[in-house]
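User: I should like to learn how to read charged side-chain contacts and cysteines in a structural model. Please take me through them step by step.

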Amino acid sequence: MGILDRFTSIMSSNVNALLDKMEDPSKMIDQTLRDLRENLAECKKDTAAVMADEAEAKRQLDKAKTDVEKYTKAAMKAVEAGNDDDARTLIAKKQQCEADLANAQGIYDIAKANADKMRQMYDHLVEQIQSCESRKNAVKSKMNIAKAQNRINETTSKLGSSTASVSAFERAEAKANRMLDQAMAGAELDSKPADAAADLAEKYSGAGGSASVDDELAAMKQKLAGGGQ
């Protein structure tokens, strides 16, 4: 695979695609940035190699231009000196240099286009990494907030269960109180005579009470009959 093909393959897996694959951005973002920096180091090396090819092609192009100028001037001087044989030799060499110049120009144009493309892709990757660096803390902060919110949600859910438990306890307590009230009421009812008449009969059917009591009762009746005297 050529340098440009390898670089293009790296660039095709852009940062957003990498972020989409993260299961836990707060843990994975650092690893992703490390991977991107490794890619950047490789891209930098490849870009430097392509730029070196451009520089070499430029040197060959400049040399070809210089040779054409040199043999053109020499041929002109040979013509001015009236030395046609030397002029022919120099013109032939100039023409060969012109062919070399055309070839060098084509090679340089390709090398420069490749170098320009590499520089653009390298700069783009640098921008992506810088963007991720600037967003890294924000991403981690969002993850922390999300985790905190999840904890709040869990706590709220637990509190809801606790409220339901308290309500159930209160209902059980109310039921226990009612059962106690009913039991006490039953006990109170059981403590009273079932038949009041039978109770009075029992009260007045005794041995007649003490004699002193009967005498005092008769005295009271007599007193009442006599008008209280």
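User: Is Glu 56 buried or exposed, or does it fall between the two?

Analyst: This is a predicted model, and the values are computed from it. Burial is read from the relative accessible area, where under 20% is buried and over 50% is exposed. Glu 56 has a relative accessible area of 34%, so it is partly exposed.

User: Which side chain does Glu 56 meet in a salt bridge?

Analyst: The general criterion is a Lys or Arg side-chain nitrogen within 4 Å of a carboxyl oxygen of Asp or Glu. Here the partner of Glu 56 is Arg 59, with an N to O distance of 2.6 Å. Both residues belong to helix 3, which covers residues 25-80, and they are three residues apart, or about one turn of the helix.

User: Which residue forms a salt bridge with Lys 58?

Analyst: Lys 58 pairs with Asp 62, and their closest N and O atoms are 2.9 Å apart. About one helical turn separates the two, because they stand four residues apart in helix 3. Lys 58 is partly exposed at a relative accessible area of 33%, and Asp 62 is likewise partly exposed, at 30%.

User: Where do Lys 63 and Asp 67 lie, and how many residues apart are they?

Analyst: Both are in helix 3, four residues apart, again about one turn of the helix. They form a salt bridge whose closest N and O atoms are 3.0 Å apart.

User: Why is Asp 67 classed as buried?

Analyst: The relative accessible area of Asp 67 is 17%, and the buried class holds values under 20%. Its partner in the salt bridge, Lys 63, has a value of 48% and is therefore partly exposed.

User: How many salt bridges does the count come to, and which residues are linked in a network?

Analyst: By this rule, the count comes to nine salt bridges. A network of them links Glu 54, Lys 112, Asp 116 and Arg 119.

User: Let us turn to the cysteines. How many disulfides does the structure hold?

Analyst: In general, a disulfide is a covalent bond joining the sulfur atoms of two cysteines. To assign one, the two sulfur atoms must lie within 2.5 Å. The structure holds zero disulfides.

User: Are Cys 43 and Cys 132 buried or exposed?

Analyst: Cys 43 has 0% relative accessibility and therefore counts as buried. Cys 132, with a relative accessible area of 5%, is buried as well.

Key:
Residues are numbered from 1 along each chain as its sequence is written. This is a predicted model: local features need pLDDT of at least 70, side-chain atom pairs count only at pLDDT 80 or more; totals for chains, interfaces and linings use all residues. Side-chain values use heavy atoms; hydrogens and water are left out. Buried means under 20% relative accessible area, exposed over 50%, partly exposed in between (1.4 Å probe, protein chains only).
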